[in-house]
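Let's walk through a protein structure together, one step at a time. Take a moment to turn the model around on your screen before reading on.

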Amino acid sequence: MIIVLKRGTEPDQIAEVLREAQRRGLQCRALVAADKPVLHVLSGNTRRARKLLKLERVQALVATSGPRVRVEGRRFFPYHFLNWSSAALMLIATLVLLAGQFPPGVGEAPGTLAGQAAPGADVAGSAGAPIVLPWYVAWLPGILGSGSPGAAALLFAGLLLLLLALPTLDRRLIRGKGGA
Amino acid sequence: MSSSDGRGSGQGGEFLATLWSLLRTPIPPGRRGFLALGWPLLLLFLLQVASGILLSFYYQPSPGEAAESTRRILRDVDGGWLVFGVHHWSGQAMVALSLLQPLRVLLTRAWRGAAAGSWTLGVLLLPLVVLLAYSGSLLKWDVGAHATVVAALSAVGEIPWIGPSVAYMVRGGEEVSATTLSRLHSAHTQFLPWFVFVLVTFNLVILARRRRLGRGGSR
């Protein structure tokens, strides 16, 4: 950052601006080579440097660098939008087709106890009714039936923990190979 | 059996080698979104939320009315069959994609480096999505759903230590009752969707950050 002083600024006035800059926590050095002296700000806060503009001898503040990391905005590509829209429409069309061709059904309501048919009433059992499990949990009875539910729960918890720890385990494995 | 790099003997080996080479093919950045499974998952979740809100106008979560109100949605409400069907099938698709997503990451070893956060969220998302879909399938509260709830909670109750407490909490008592349906309804419409939403949002934040930092990665 460079602080430009007005034309004809005297050395004692430059020294005064330097003192003021120092007081505000800025490190500067004076460069007097042309009719307008300038102060090169070596370190310090831009917000604080702007306050020097209030001084009578200071004319302008010139930024010499931008942010260290420039974040580039995301560009919009029409063909991406078209692709995304087509994919979304295809997905929705498939769902509508499935809904029409294979509508989900509803069975009979479980028998309610006499006098308890009002909303919120308790429901009597549905003994003997077939248990229809969705495909994603259809394998559960098999696993539960083969061993104790406790062992199955432990197995699932262990599998979940293993999957969660996979990145860490993999990193250690790679480090181990690298060190060998 | 084929080796780990997909080279094997016979047609099976060729198929695995082809599959392996397909999985290892670098995807151009422009097409990455198409092939990845994260964004369809988000779209399905939004569809679920939208259709779920519409269904909630007509569904009555009480044992005496649940099955009948579901039947009314399918039979009497204009476009009810469509909304219910889309809600049902998008739930199924969401479970399928939630299963496929970690599987793809597992096969391509895409959990490495900056993608570790996304992998963790994906693994946590899977049981939540399964619970979300399963609790939804029970809300119609017909004979099959009721029998399933009784059997499932009985199995959960047999798990040592935490099982009985969890089963009691979900049942809302010793027996499956109106409270059970009410709790399943709350879980399906209030708790689980928010958890899924939080995980999906975190995942999007991680992906956006990776893109900004120029690390790319799959979705």
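A good place to begin is a pair of residues in chain B: B:R71 and B:E68 both sit in helix α4 of that chain, three residues apart, which is about one turn of the helix. Helices here are DSSP runs of H or I with at least four residues, strands are runs of E with at least two, and both are numbered from the N terminus. B:R71 and B:E68 form a salt bridge, with their closest N and O atoms 3.0 Å apart. The term salt bridge is used when a side-chain nitrogen of Lys or Arg lies within 4 Å of a carboxyl oxygen of Asp or Glu. Salt bridges that share partners join B:E68, B:R71, B:R75 and B:D76 into one network. As for its surroundings, B:E68 counts as partly exposed at 29% relative accessibility. Buried means under 20% relative accessible area, exposed means over 50%, and partly exposed is in between, using a 1.4 Å probe and the protein chains only.

Before going further, here is how to read the model. It is a predicted model, in which local features need pLDDT of at least 70 and side-chain atom pairs count only at pLDDT 80 or more, while totals for chains, interfaces and linings use all residues. Residues are numbered from 1 along each chain as its sequence is written, chains are lettered from A and ligands numbered from 1 in the order in which they are written, and side-chain values use heavy atoms, with hydrogens and water left out.

Now step back and look at the whole of chain B. It has nine helices and zero strands. Of its 219 residues, 41% are buried. Chain A mixes both kinds of element, with five helices and four strands. Following chain A along its sequence, you meet the pattern β-α-β-β-α-β-α-α-α. Of the 180 residues in chain A, 22% count as buried.

Where do the nonpolar residues gather inside? The largest nonpolar core has 40 residues, and those with the most contacts inside it are A:Y136, B:M94, B:W141, B:V149 and B:V196. A nonpolar core is a set of buried Ala, Val, Leu, Ile, Met, Phe, Trp, Tyr and Cys residues joined through side-chain atoms within 4.5 Å. Helix α3 (78–101) of chain A supplies at least two residues of this core, and so does each of α3 (38–56), α4 (66–75), α5 (80–108), α6 (116–138), α7 (143–157) and α9 (178–212) of chain B. The largest share, nine residues, comes from α6(B).

One of those core residues, B:W141, deserves a second look. You can find B:W141 in the loop between α6 and α7 of chain B, and it is buried, with a relative accessible area of 0%. B:W141 has a positive phi of about 50 degrees although it is not a glycine. B:W161 also has a positive phi without being a glycine, with a value near 65 degrees. B:W161 lies in the loop between α7 and α8 (163–171) of chain B. Is B:W161 buried or exposed? With a relative accessible area of 80%, B:W161 is exposed.

Let's return to charges. Side chains of opposite charge can pair when their charged atoms come close. Over all chains, the structure holds eight salt bridges. In one of them, A:R23 pairs with A:E20, and the closest N and O atoms are 2.8 Å apart. These two residues are separated by about one helical turn because they are three residues apart in helix α1 (residues 11–23) of chain A. A:R23 is exposed, with a relative accessible area of 60%, whereas A:E20 counts as buried at 18%. Another salt bridge links A:R57 to A:E56, with the closest N and O atoms 3.5 Å apart. Here A:R57 counts as buried at 16% relative accessibility, and A:E56 counts as exposed at 53%.
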